[in-house]
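User: I am new to this structure and should like to be guided through it. Please explain each answer step by step.

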Amino acid sequence: MELDKMDENDWKYHGEGNKSLVVSHVQLSRVLRLLKYPAEDSENPPQTVEQAYRQIQNIVDFSSNVMSSLLGEKFIHSGEVVKLPLEFVRQLSIKVQHQRPAWRCDKVMDIYSGCALCLPNLTSPVLHQPTHTPPLCIEIKPKCGFLPSSKHVSKDIKTKVCRFCMHQHYKVANGKWKRRSLYCPLDLFSGNRQRMHFAIRHLIEEPQNNFKIFKGGQCVYSSKEGSDDSIDLNSLLHHLRPYFLYGNNRINSHMTSKAVLNDFIQVLVNALLSGGGGDGGVMTDRRGEGRSFCEASLFNKERIRHGSQGLPSDSVLFRILQTQMLDTQDIEGLYLLYRRVEQHLQDFPKERTRLQIDGPYNEAFLEKLQKCPAEDDGSVEYAVAKVHQYCAAMTAKDCSIMVALVPSSEEEEDDDGESSQPETEGSDSSAQRRDESLK
Ligand SMILES: O=P(O)(O)O[C@@H]1[C@@H](OP(=O)(O)O)[C@H](OP(=O)(O)O)[C@H](O)[C@H](OP(=O)(O)O)[C@H]1OP(=O)(O)O
Ligand SMILES: Nc1ncnc2c1ncn2[C@@H]1O[C@H](COP(=O)(O)OP(=O)(O)OP(=O)(O)O)[C@@H](O)[C@H]1O
């Protein structure tokens with residue numbers, strides 16, 4: 001990719017969140033993540049080029065020096081800041097505008113700084129051995145997987161019903177989504193295969209912002225915000241079926257839809273529990289008795305037959321949960337510490353730099369965050385470390401996992417007219433090579 005010869009025709013709209021818009025290269029496995037600003041600021045650049053560059057460099061530093069250490073280097077892609085020609089960015093902004101969902105258009109793409117974050121395209125991974133069937137990539141935004149136990153929590157309900165499940169009522173009431181999702185993050189993070197299966201089934205039934213499927217880099221399954229349309233499971237099955245025809249070393253062309261879906265979920269559960277190497281001991285459930293089950297979950301506790309209640313310590317879910325649990329105070333306790341920092345900075349503005357309030361996000365920052373004492377000694381250092389731990393925890397509560405499923409080459413070679421076999425329950429899936437990454 002030559003940065004001085006950028007052509008908007010080589011890029012297409014890929015997706016967006018609240019803070020950034022993502023475009024993907026039509027041939028290379030690359031994406032550009034561009035900042036967004038409120039539409040009111042569109043006439044004037046809200047920050048200088050240097051500030052925008054620094055903002056993106058801070059994202060890279062926070063990712064590579066802080067989140068990467070907390071979540072595990074093998075799960076993180078931090079990317080690099082790039083400086084793009086302004087004319088390219090302007091043309092790109094015009095090109096993608098009509099593909100953007102209307103409800104995201106209260107913000108506009110940054111066309112002033114020319115700065116962007118360049119990352120690998122995790123929805124169309126580069127393969128050592130290209131296969132006929134394009135890779136599938138499943139994006140899961142799992143959200144917060146534990147109930148708070150902080151003494152500062154003032155409402156008892158917060159210790160019984162998780163934030164995601166409570167938030168569902170609010171989101172349906174304010175029209176963001178038409179139907180309530182029955183997904184509960186505590187089921188996904190339980191490490192219990194039945195509960196995880198149950199959680200993923202509900203993600204599929206009502207994906208909202210938490211579940212997307214990409215095929216060869218193209219989004220083929222997701223929710224449309226505010227839309228009345230119910231989700232098209234048949235179209236999903238149409239996409240999935242070719243990947244799940246091979247079970248237990250034989251072709252299974254008469255698989256029922258239920259069996260395809262079960263196999264798909266099974267592969268996802270396996271991917272989420274695997275650690276990509278290492279011994280993967282089972283964690284002790286730090287959430288404690290009763291804290292790992294949300295009262296709003298429809299999963300019937302009686303159904304837990306095989307008692308595994310922990311996540312393997314090298315799994316991506318374990319690392320995310322551990323990082324989320326750096327939020328030990330809950331927002332109610334954290335706010336008091338935040339006020340202590342605020343007051344201190346009002347009294348001693350020059351302390352901002354020493355306390356690394358705005359970074360740099362380097363090793364010293366990580367060390368202070370990790371070595372924060374368990375007990376509050378009343379110091380501003382303690383309060384700052386807690387605020388920074390909270391920021392890392394919030395990042396883990398809002399991150400996405402990208403699971404790439406790549407058909408193994410032997411199975412593709414076998415695909416030359418073998419006779420079909422009757423279906424059996426619990427078959428292995430053909431989507432065998434798995435890779436999890438966080439973005
Ligand atoms: O507050 P939540 O749990 O609704 O999460 C927000 C997300 O909503 P969602 O869970 O996807 O419906 C929200 O996502 P959407 O804008 O709804 O796609 C953002 O990710 C937001 O993060 P930020 O403030 O832009 O850094 C998220 O806010 P943070 O709480 O992570 O700051
Ligand atoms: N490296 C990547 N490879 C492929 N797709 C990506 C990549 N990074 C982001 N995306 C896609 O773009 C979407 C928006 O990106 P992202 O979630 O980073 O935006 P955001 O504005 O930071 O989100 P938020 O709403 O959480 O603030 C993602 O949901 C994902 O589908």
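**The shell around ligand 2**

Analyst: In this predicted model, the residues of the shell around ligand 2 divide into five nonpolar, eight polar and seven charged.

User: Which strand gives the most to the shell around ligand 2?

Analyst: The shell around ligand 2 comprises 20 residues, and the closest include Gly15, Gly17 and Asn18. At least two residues each come from β1 (11-16), β2 (20-25), β3 (30-38) and β6 (115-120). The strand that gives the most, with three residues, is β1.

User: How are α8 and α12 oriented to each other?

Analyst: The axes of helix α8 (residues 316-324) and helix α12 (residues 380-397) come within 7 Å and cross at roughly 140 degrees. An angle over 145 degrees would count as roughly antiparallel, and 65 to 115 as roughly perpendicular. The crossing falls in neither range, so α8 and α12 are oblique.

User: Which residues in α12 do Ile320, Thr323 and Gln324 meet?

Analyst: Helix α8 passes α12 in a left-handed crossing. On the α8 side, the contact is made by Ile320, Thr323 and Gln324. Their partners in α12 are Ala392, Ala393, Ala396 and Lys397.

User: What share of the residues of the protein chain count as buried?

Analyst: The protein chain has 13 helices and 13 strands. A residue is buried if 20 or more other C-beta atoms lie within 10 Å of its own. Of the 439 residues of the protein chain, the share that meets this criterion is 36%.

Note on methods:
Residues numbered from 1 in each chain as written. Chains lettered and ligands numbered in written order. Predicted model: local features only at pLDDT ≥ 70, side-chain atom pairs only at ≥ 80, totals over all residues. Axes fitted to C-alpha atoms, helices over the stretch in contact; angles between N-to-C directions. Helix = DSSP H or I, 4+ residues; strand = E, 2+ residues; numbered from the N terminus. Parallel < 35°, antiparallel > 145°, perpendicular 65-115°, else oblique. Left-handed = near helix turned anticlockwise from the far one by under 90°. Contact = placed C-beta atoms within 7 Å. Near = placed C-beta within 6 Å. Nonpolar A, V, L, I, M, F, W, Y, C, P; charged D, E, K, R; others polar. Buried ≥ 20, exposed ≤ 12 C-beta atoms within 10 Å, placed from the backbone.
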